[in-house]
Amino acid sequence: MAIWIRYNVLSVVKRSMQELRDDLSRHLLARDRLFHAQADATQLHTRFVQDTERVDAVATAMISALLPALLTASMLLVIMARISTTLVVVGAVAAPVLWSVGRLTSRRVKQELGTFRARFEEFSAGAQFLLRFTELVRVRSWQYEAGQSQHERHDALRAAGIRMGMSYTWHV
């Protein structure tokens, strides 16, 4: 149940972050030339990339960790209150098995984290391109293509975030 909840929460959080990033991309593409001429591209890039990542991290940690933990803790409390001796024996037998499985799944978590970082770097590079070359994109009438390219990066980042979160959930 906790894994199912985690997947659904991650899907909602990551989809929301993708939509936020898409909206920011469209907003930046819609701004006038004066805005881009006066704006500090490095500062905009930092706000666009780092701030959305911070929101993503906080939302993922708060929502996707809190709900399954509360559900699991409440179910365990009920079970322990009813059959505590049985639970202790099962826990003692399961602990070494779970520890071994945890060691194996930690490799998968590291792999997914590497994939997520790579997708995040692609997102960052795309955002930086968008911020630096918005005028060129407009002159060439490439707004749709640039927006679509950004959307694909955001989609890849969202999918990698879900895979990373789910591999961590299985690990936990």
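This passage describes the overall fold, surface and confidence of a predicted single-chain model.

The chain is built from helices alone, with six helices and zero strands. Read from the N terminus, the order of elements is accordingly α-α-α-α-α-α. The radius of gyration of the chain is 21 Å, whereas the globule rule gives 16 Å for 172 residues, so the chain is more spread out than a compact globule. The dimensions of the C-alpha trace add to this picture: along the principal axes, the trace spans about 75 × 25 × 25 Å.

How are the contacts of the chain distributed along the sequence? Of those with a separation of 6 or more, 92% link residues that lie 24 or more positions apart. As for burial, 31% of the 172 residues count as buried.

Turning to the surface, the chain exposes about 11,000 Å², and 64% of this area is supplied by carbon and sulfur atoms. The chain carries 22 positive and 15 negative charges, and the mean positions of the two sets are 8 Å apart.

It is helpful to read these features alongside the confidence of the prediction. The average pLDDT of the chain is 86, and 98% of the residues score at least 70. Among the elements, helix 6 (residues 143–171) has the highest mean pLDDT, at 92, while helix 3 (residues 41–82) has the lowest, at 80. As a general caution, predicted coordinates should not be read in detail where pLDDT is low.

Notes:
Residues numbered from 1 in each chain as written. Predicted model: local features only at pLDDT ≥ 70, side-chain atom pairs only at ≥ 80, totals over all residues. Heavy atoms only, no water. Helix = DSSP H or I, 4+ residues; strand = E, 2+ residues; numbered from the N terminus. Rg over C-alpha atoms; globule rule 2.2 N^0.38 Å. Buried < 20%, exposed > 50% of the residue type's maximum accessible area, 1.4 Å probe, protein only. Contact = heavy atoms within 4.5 Å. Areas by Shrake-Rupley, 256 points an atom, 1.4 Å probe, with all protein chains shown as cover. Lys, Arg positive; Asp, Glu negative; His and termini not counted. Charge placed at Lys NZ, Arg CZ, Asp CG, Glu CD. pLDDT = per-residue confidence, 0-100.
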